Structures are given as C-alpha cells and as structure tokens.
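Open your viewer, keep the sequence panel beside it, and follow along stop by stop. We will begin with strand pairing and finish at a single residue.

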Amino acid sequence: MVKARLASALLALTLVASLTALPACTSSATSSSDAASSAASQAASAGSQASSAASDAPEAADMTVTVTVASPKTDDGFAPLEAAVELSAGSSALDGLKAAAADVVVEDGPYGAFVSSINGLANGSAGAQSGWTYTINGEYVSESAGDRTLADGDTLAWEFYV
C-alpha cells in the first residue's frame, strides 16, 4: 500500500512538472527567438574562443619533404646537408629550404623571391655565373622558389653551380 501511494505521488509530481514546463514551450515567438539568438551568440562565442586557441597552437605538418643542399665544388668549404622537413600544405620551395638550412638570404627580384645565399655561400662568389639553382624530384624549376608549391614526398634539391 505504501508503494502504491509513493508511485501515485511520483506520477503526480511528474505530471505537475510536465504541465509547468508546457507554458514555457508555448510562449511567444519573440521569447523563443530571443532564446535561439542567445544560444547562437553563446555558440559563436565558444567557436571564436576555440578558433583563437587553435590559431595559437602550432600548425600540424601536412607533408614531409626531403631537402638537400650541396655544392659540387668540394674546395669551397660548404657543408652539404640533407633533411626531412615537415611543412604545412601549400608550402613553397623557399619554405622548404628555410626549414632545412640555417642561413638563407633572399632578395626580391623581378620574378619573385630570389635565393642569393645559403649558409654563407653566395651567388657570384665563385665567378660571375656561379649561383644557386633548385630541382624538385630531379626536374629543374625555372620559377621563383617562393612561387613553386611543394607536395608530400617531394625531393627538393638546391645546388650551387660554378
């Protein structure tokens, strides 16, 4: 008998609670619109905070590129290097070089970024025609290193020619 009364009381409380909630659900369009607007504002604020936190975090690497830098002239004291560098999507050949080499000097030329020195070995230092060129996957590239986009798995080779 006590269990039956408790069950009836619980059912009555549930019914009262659902009836009390009904007017809030059927309130005017303005108040539900305000609630939706408030919820959207809170969501936008949370999204903005998440976006801000994401921009503060370091970018994840989207690709790995092998970069080599060499001088075929062995008596110039230049130390060759080879490195696997991690870059974000859309990175250029210049970005790859900068990620691998300690000291890269770049000048703005009429056709874009022009690499004039890598780790102290400068264009023209071994004769008027000496200088840096680069290949991607063994093919010579005739565009600015700042304009040429790399892809995952590419091999970027910088060579100093005399």
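In which sense do strand β1 and strand β8 pair, and over how many bridges? Select residues 63-70 for β1 and residues 155-161 for β8: they pair in the parallel sense, over five bridges. Strands here are DSSP runs of E with at least two residues, helices are runs of H or I with at least four, and both are numbered from the N terminus. Two strands count as paired if DSSP finds at least two bridges between them.

Before moving on, a word on the model. It is a predicted one, in which local features need pLDDT of at least 70 and side-chain atom pairs count only at pLDDT 80 or more, while totals for chains, interfaces and linings use all residues. Residues are numbered from 1 along each chain as its sequence is written, and side-chain values use heavy atoms, with hydrogens and water left out.

**Stop 1: around β8.** Stay with the β1 pairing and pick Thr68; opposite this residue stands Ala157 in β8. Next, add β6 (131-136) to your selection. β6 and β8 run antiparallel and are joined by six bridges. Click on Thr133 and you will find its bridge partner in β8, Glu159.

**Stop 2: the whole chain.** Zoom out and colour by secondary structure. The chain has three helices and eight strands, and from the N terminus on they run α-α-β-β-α-β-β-β-β-β-β. Of the 162 residues, 24% are buried, where buried means under 20% relative accessible area, exposed over 50% and partly exposed in between (1.4 Å probe, protein chains only). Turn on the surface as well: the accessible area comes to about 10,400 Å², with 57% of it belonging to carbon and sulfur atoms (Shrake-Rupley method, 1.4 Å probe).

**Stop 3: an open sheet.** Now select β3, β4 and β5. These three strands form an open sheet in the order β3-β4-β5, with antiparallel pairing. Because β3 (104-109) and β5 (121-122) stand at the edges with a single partner strand each, one side of each is left without a neighbour in the sheet. Look at β3 and β4 together: six bridges join them, and they form a hairpin with two residues between them.

**Stop 4: Ser117.** Within β4, centre on Ser117. Is this residue buried or exposed? Ser117 is buried, with a relative accessible area of 8%. Val105 stands opposite Ser117. Setting aside residues up to four places away in sequence, Ser117 touches Asp103, Val104, Val105, Ala122 and Trp132 (contact means heavy atoms within 4.5 Å). For a distance label, try the C-alpha atoms of Ser117 and Val106: they are separated by 7.2 Å, and the two residues are eleven apart along the chain.

**Stop 5: the largest pocket.** Finally, show Ala113, Phe114, Glu143, Ser144 and Ala145, which lie nearest the centre of the largest pocket among its 16 lining residues. β4 (112-118) and β6 (131-136) are the elements that give two or more residues to this lining, and β4 gives the most, with four.

Note on methods:
1 Å grid on protein atoms, 1.4 Å probe; cavity = no way out; pocket = protein on both sides within 12 Å on 5 of 7 lines; lining within 4 Å.
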